[in-house]
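These notes go through the sheets, the helix packing and the contact between chains. They are set out as numbered points.

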Amino acid sequence: MTDEQISFEEAFTRLEETVRRLEAGNLSLEESIALFEEGMRLAQVCNARLDEAELRVSQLVADPAGYTLEPFK
Amino acid sequence: MDPRPVGVVVRYIKTLLETDDLLSDLWVEGEVSNYSRSSAGHLYFTLKDTEGQLRCVMWRGRAERLERLPQDGDQIIVHGYVSLYEGSGAVQCYVDAIRPTGLGLLQQQFETLKARLAAEGLFDARRKRPLPAFPRRIGVVTSPTGAAIRDILHVLGRRYPLAEVILAPTPVQGDDAAPQIAAAIMALDEYVGVDVILVGRGGGSLEDLWPFNEERVARAIFACQTPVISGVGHETDFTIADFVADVRAPTPSAAAEMIVPDRAELSARIAQSQARLGRALAGWVTRARERTRHQQGRLARHTPAHLIAQRRQAVDEQAQLAVRSLRRDLALHGERLGGLRGRLLALSPLATLERGYAVVQRLDDGQIVQSIQQVGPGDGLAVRVADGVFGARVVEGET
């Protein structure tokens, strides 16, 4: 899954998990550095999502076929 | 001045009241307060509104026929006549019938429905679902106009613009509102698919909020697979929808706050995580250094120089032990010698001489004289004492 597809929730949860694993210790130097880099990357993804977000609002409209979504306001 | 006795005046007022056309047969509307029931079974209460109050009494005979006894807060209409109770001088309405007002009826319906749905388990706490922590799609059931939707969108836009909001617009008061609210909930749940549904409207009277007390809406919320949060009216308004929902919020804005995290808080937590990553990595390096130092320390304890020093120390200790042992033996011998010397000295004849005894010898042949038979008068003797010898001649002897 590329960074573009990952949801905020997933990135955020994985970030906190990465921190916990790195803090737990018992890792080699290579593993520690790899976790550090992944954590920083996930943090960047999270921040990007938060900064770029704009609330999208649509409304349900009944039509003969069922419902459709239209932009609201 | 022509004073009349109190009883006369009171009776006069009573007569006035009882002969008045209006007061002898009327309906009165108001709110019940100070309700009580005497041991004899008569009902006493006060009917009030913002401008006045009237004491009421209903005798047991009539009261027994009531389907439901009045309670404080009930909006009712009573029928009866107004008179004066001479004993207390109080104006009272003597009630023979009680009806609920429109509002009173609604109140009763609310209580009845609430009890029935509770018994069926619609309000059961165990059934309540948790709200998702990071909802991606949020369904909202409310009026497309009005303050509620504005407030909700304002809160969501500020706190969590990552989400997508889908509004299912419905009327939120009036007779046709309840079925449309129920249909909107079902449409969001089954047709559109969202992570959480917010159902609500702004403040209003009991009649305004009534659609959210309807059974259709309650059952639609209960049947909904998606978690539902209710935000109806103001803090003090509790509707049936509030009891069935998975979470109740006091207002629509409060509901919006409860379903999403705050963007600013999330930013702070992300920054915190980054700091912790940095500290953890730095900590790793520090710990690695310490481990190396520790290993170096262990190595140092096994170098040849160290081993030699250890051996040297062992030898030293042995030597010291040997010396101590030798000294102990010498001391022991010394003591024994001392002891023997003492005994020798005690046995020595010199000691005897020093106590005053003498050794006597015959001058002519040196025999040591032990008996008087060995000497006669005139014989020469040598007498040895502790510090020397002197001559002596026997004078006389006796046994």
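1. How many bridges join strand S4 of chain B to strand S5 of chain B, and do the two run parallel or antiparallel? Strand S4 (residues 75-85) and strand S5 (residues 90-100) of chain B are joined by 10 bridges and run antiparallel. Within this pair, Pro100(B) of S5(B) is the residue opposite Ile76(B). Helix H3 (residues 102-120) of chain B packs on the sheet and touches both S4 and S5 of chain B. The direction of H3(B) makes about 125° with that of S4(B). The model is a predicted one, and everything below should be read as such.

2. S4(B) and S5(B) belong to a barrel closed by five strands of chain B, in the order S1-S2-S3-S5-S4. The pairing in this barrel is mixed. Ignoring direction, neighbouring strands in the barrel are turned by 55° against each other on average.

3. A second sheet takes strands from both chains. It is open and has seven strands, in the order S2(A)-S1(A)-S7(B)-S6(B)-S8(B)-S9(B)-S10(B), again with mixed pairing. Its edges are strand S2 (66-71) of chain A and strand S10 (247-249) of chain B, each of which pairs on one side only. The average turn between neighbouring strands of this sheet, direction ignored, is 25°.

4. Where do the two chains meet within this sheet? Strand S1 (residues 56-63) of chain A pairs with S7(B) in the parallel sense, over four bridges. Gln59(A) lies opposite Leu167(B) of S7(B). On the chain B side, strand S6 (residues 137-142) also runs parallel to S7(B), and six bridges join the two. There, Gly139(B) stands opposite Ile166(B) of S7(B).

5. Two helices of chain B pack on the seven-stranded sheet and reach strands of both chains. H4(B) lies across S1 of chain A and S6, S7 and strand S8 (196-201) of chain B, and runs at about 160° to S6(B). H5(B) touches S1 and S2 of chain A as well as S6, S7 and S8 of chain B. The direction of H5(B) makes about 165° with that of S6(B).

6. H4(B) also packs against helix H9 (residues 252-259) of chain B. Their axes come within 8 Å and cross at roughly 25°. An angle under 35 degrees counts as roughly parallel, and H4(B) and H9(B) are therefore roughly parallel to each other. H4(B) passes H9(B) in a right-handed crossing. From H4(B), the residues involved are Ala148(B), Asp151(B), Ile152(B), Val155(B), Leu156(B) and Arg159(B); they meet Pro252(B), Ser253(B), Ala256(B) and Glu257(B) of H9(B). By class, this contact has six nonpolar, one polar and three charged residues.

7. The contact between the chains takes 29 residues from chain B and 29 residues from chain A. On the chain B side, the elements giving two or more residues are helix H4 (147-159), strand S7 (164-169), helix H5 (177-192) and helix H10 (263-300). H10(B) gives the most, with 11 residues. The side of chain B that touches chain A has 21 nonpolar, four polar and four charged residues.

8. How does helix H2 of chain A pack against H10(B)? Helix H2 (residues 29-52) of chain A and H10(B) pack at an angle of about 165°, and their axes are 10 Å apart. H2(A) is therefore roughly antiparallel to H10(B). The crossing of H2(A) with H10(B) is left-handed. Among the residues making the contact are Phe36(A), Met40(A), Ala43(A) and Leu50(A) of H2(A), and Leu266(B), Ile270(B), Leu277(B) and Trp284(B) of H10(B). The contact of H2(A) with H10(B) has 10 nonpolar, six polar and one charged residues.

9. A further set of strands in chain B deserves a mention. Strand S12 (residues 380-385) of chain B pairs in the antiparallel sense with strand S11 (residues 359-362) of chain B, over four bridges. In this pair, Val359(B) has Arg384(B) of S12(B) as its bridge partner. S12(B) also pairs with strand S13 (residues 388-393) of chain B, in the antiparallel sense and over six bridges. Phe390(B) of S13(B) is the residue opposite Val383(B). S12(B) and S13(B) form a hairpin, with two residues between them.

How values were computed: Residues numbered from 1 in each chain as written. Chains lettered and ligands numbered in written order. Predicted model: local features only at pLDDT ≥ 70, side-chain atom pairs only at ≥ 80, totals over all residues. Pairing = 2+ DSSP bridges. Nonpolar A, V, L, I, M, F, W, Y, C, P; charged D, E, K, R; others polar. Axes fitted to C-alpha atoms, helices over the stretch in contact; angles between N-to-C directions. Parallel < 35°, antiparallel > 145°, perpendicular 65-115°, else oblique. Left-handed = near helix turned anticlockwise from the far one by under 90°.
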